[in-house]
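Reader: Before I rely on the labels attached to this model, I would like to see how each one follows from its cut-off. Could you take me through them in turn?

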Amino acid sequence: MKKLAFAGMLSLYLLSACQNQNKQQNHSHEGHNHNHTEQNHSATGTHKHENCDHDHDHEHSYEGHSHSHDSQNQEQESTDEIVISPEKAQAAGIKSQIIQPGIFNHIIKTSGQVLAAQGDEATAVATVAGIVSFQNRLLEGTSVSRGTPLLKVSARNLTDGDPALKARATFEKAKKEYERMHTLVQNKIVSEKDFNQAELDFENARISYEAVAKNHSAGGQSIPSPIGGYVKSIWVKEGDYVAVGQPLVSITQNRKLFLRAEVSEKYYSYLRNINSANFKTPYDNAVYQLGELNGRLLSFGKSSGDNSYYVPVTFEFDNKGEILPGTFVEIYLLSTPIHDVISLPHSALTEEQGSYFVYQQLDDECYKKQLVTLGGDNGESVQIINGIHKGDRIVTEGAYQVKLASASNVLPAHSHEH
C-alpha cells in the first residue's frame, strides 16, 4: 500500500516537472519572437528615419539653391540701374542729350588716298648736268618761297667742264660773228642766207647762255624753288650726278587737295547719287567733312581699271587743316538722304563681345544700360536701328565712365555663400 502511494506521488511530481519545463520553453520562445519583432521594428524605424533625413537634406539643399538664384536675380536687377551723383558725372565729363530723329545718308564705306591737286604742286629740275650739293639744310616739310635756292649743281670738276662757261664762250663767239656778218651783208659781200644763219646761231647761243647765267655762281648752278610752299619730296642726295631735266625736289602749296576714293563695282549704280564724303586720317584719327572744307565732287569713273575691280571717285577740297598729301584714308561716301533717323555719335557707344550698348539717363543720378542695333556709319555718327526711341535721354560723352561705374557696383556672384 505504501509502495502504491509512493508511486502515485512520484508520478505527480514528474508530471508537474514536465509542465513547468514546457512553460519555460514556451516563454523562452515567445521571448525570442518578441526580441526579433523589436529588432525588426528597430531596423524598420532606422531606415525610415534615414530616408527622411535624406529627403530633408535634399529639400533643404534645393531650397538653398533656389535662394541662391533668387539672390542672383535680385542682384542682377539691382545692377541694371547705375547710380552716379551729378557732381561725379560732371567731374567725369559725362554729358547726355535728348534724342531726336534727323536726316542721315546712305553710306558707302571704302578707302582711298589724299592727293595734291593739279597746279598746286611743282618740281624743281636740274638745268645743267653735274654734281649735286646742298646749300642749306633742306628737309621735307620745310617752308620755302618762290625763288629760294634749294641746291647747286656743279660740273667744274667734270671732263665736259662748266656748262655756264661753255655757254658764255659760245655766246660771245656767235655775237662777234653776227656783228661781222651784219656789216658784210650791208656791203653785199655775204649773202642774205649766210647772214640769217649767223643771226640764228647768235640767238640760240644767247638763249642758252641767259638760261644758265641767271642762277650761276662760282660754286655752280643754283636751283631755285619754282613756287612758294612746302618741300614735299627730295629725290637726290649730296654728291649725286644728275642730268639736264632730272627731277630734284618737289614743292607743294598744300592749299588744294584731291580725295580719290576706290569704290567696288557693285556700288556703281549708287555713284550718281553721291554728293559729298567724310574721311578719317590714320595719324590723328580725326574725321574731316568735305562740306566744311569747301569740297566738291569732280568726277567718278565710267569704268574700272584694267587690273582693278574698283571705280574711282574724285573730290577736290581746301586744305584748311594739316592734311598730308599721299595719305591713305578711310572714306565714307554720302549718298541719298534718309529722314527721321535716330543717330548717335561714336562717343555714345560701348562694345562688349561684339554687341553695342548705350546708357540711358533715367533721372539726375540714375542710368540704365541699353543694347542697340547699329546701321550705317558716316565716320562721325552711327544710325541706330532699334534699342532707343525718340525723347530718350542718352549719354553722348563719357559713356565709358558710366561703364566703369557700372562695373564697380557689381557684386561677385555667390559671394554670400563663401
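**Labels and their cut-offs**

Author: From strand β14, S276, N278 and K280 point one way while A277 and F279 point the other way, and all are buried. This is a predicted model, in which local features need pLDDT of at least 70 and side-chain atom pairs count only at pLDDT 80 or more, whereas totals for chains, interfaces and linings use all residues. Residues are numbered from 1 along each chain as its sequence is written, and side-chain values use heavy atoms, with hydrogens and water left out.

Reader: What makes β14 largely enclosed by the rest of the structure?

Author: Buried means under 20% relative accessible area, exposed means over 50%, and partly exposed lies in between, with a 1.4 Å probe and protein chains only. Five of the five residues of β14 (residues 276-280) are buried, so the strand is largely enclosed by the rest of the structure.

Reader: How do you know that β14 and β18 pair?

Author: Strands, which are DSSP runs of E with at least two residues, numbered from the N terminus, pair if DSSP finds at least two bridges between them. β14 and β18 (residues 328-341) have five bridges in the antiparallel sense, and N278 has Y332 as its bridge partner in β18. Three bridges join β14 to β15 (residues 287-289), also antiparallel, with F279 standing opposite Y288, so by the same rule this too is a pair.

Reader: Why is the contact of F171 and Y209 called stacked?

Author: Rings of Phe, Tyr and Trp (its six-membered ring) pair if their centres lie within 6.5 Å, and planes under 30 degrees apart count as stacked, over 60 as edge-to-face and the rest as tilted. F171 and Y209 lie 5.4 Å centre to centre with 10° between the planes, so they meet both conditions and the pair is stacked. F171 lies in helix α3 (residues 163-186) and Y209 in helix α4 (residues 192-213), so the pair ties together parts that are 38 residues apart in sequence; a helix here is a DSSP run of H or I with at least four residues.

Reader: Which of F171 and Y209 is buried, and which is partly exposed?

Author: F171 is buried, with a relative accessible area of 15%, whereas Y209, at 22%, is partly exposed.

Reader: What makes K369 a charge over the ring of F357?

Author: A charge sits over a ring if NZ of Lys or CZ of Arg is within 6 Å of the ring centre and within 35 degrees of the ring normal. K369 lies over the face of F357 at 4.4 Å from the ring centre, so the distance condition is met.
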